[in-house]
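Q: Please take a close look at a single helix of this model. Where does it sit, and what does it meet?

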Amino acid sequence: MALIGRLFVILFGFLAASLVAGMIVVGAVLFPEFSDLGDGLVDQSALNIVMGFGFIFVSGFALLPAMLVVAITEAFYVRGALTYAVGGGLVGLACYLGLVPFDPETFHFQGIVRRHLEIMTGAGIIAGLVYWMIAGRNAGGWRKPPTPLKPPPPLPSHSPSPPAS
């Protein structure tokens, strides 16, 4: 039963981390547009739609690499925040490199944009820390057996005996 509860915590942590990473990616990519205040205010409904697409994009591409990191940390009881930050950075890096064309003859990625690579890696680091705050601090804790209950203290000597059943 503890495993089922843990799976819900992992799912919630992943969704929250994906939402934060999507917000960071969309905010960083759209930052040049935000810095030009001469055009007027940004349409809030359009921003919400873009944030939603950012969440879907990040959660879709990051699902398999993130679940690999989660499986390793759950299996080995890894609970350190730095581990999740590094794992999130690697997941962000893997998501970005998965979108960049790769030439197998020269073992070289073609068309890497450094700013985009930094954005994805930074978003992965922050997402890893968000996941750690929600679910990673208790990684592997579902395997511990429940602590046995202590027996009640003895009755005082002058108390009546319990009724026989």
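A: Isoleucine 4 belongs to helix α1, residues 2-29. Helices here are DSSP runs of H or I with at least four residues, numbered from the N terminus. This is a predicted model: local features need pLDDT of at least 70, side-chain atom pairs need pLDDT 80 or more, and totals for chains, interfaces and linings use all residues. Residues are numbered from 1 along each chain as its sequence is written, and side-chain values use heavy atoms, without hydrogens and water.

Isoleucine 4 has 47% relative accessibility, so it counts as partly exposed. That class lies between buried (under 20% relative accessible area) and exposed (over 50%), with a 1.4 Å probe and protein chains only. Ile4 also joins Phe8, Leu11 and Leu15 in a nonpolar surface patch of about 390 Å². Patch residues have over 30% relative accessible area and no salt bridge; nonpolar side chains are joined within 5 Å, like charges within 9 Å.

α1 also packs against helix α3, residues 44-75. The angle is about 135°, and the axes are 7 Å apart. The two helices are therefore oblique to each other. Oblique covers what remains after under 35 degrees (roughly parallel), over 145 (roughly antiparallel) and 65 to 115 (roughly perpendicular).

A salt bridge joins the side chains of arginine 6 and glutamate 74, at 2.6 Å from N to O. Arginine 6 lies in α1 and glutamate 74 in α3, so the pair ties together parts 68 residues apart in sequence. The rule asks for a side-chain nitrogen of Lys or Arg within 4 Å of a carboxyl oxygen of Asp or Glu. Both arginine 6 and glutamate 74 are buried.

Terms used
Areas by Shrake-Rupley, 256 points an atom, 1.4 Å probe, with all protein chains shown as cover. Axes fitted to C-alpha atoms, helices over the stretch in contact; angles between N-to-C directions.
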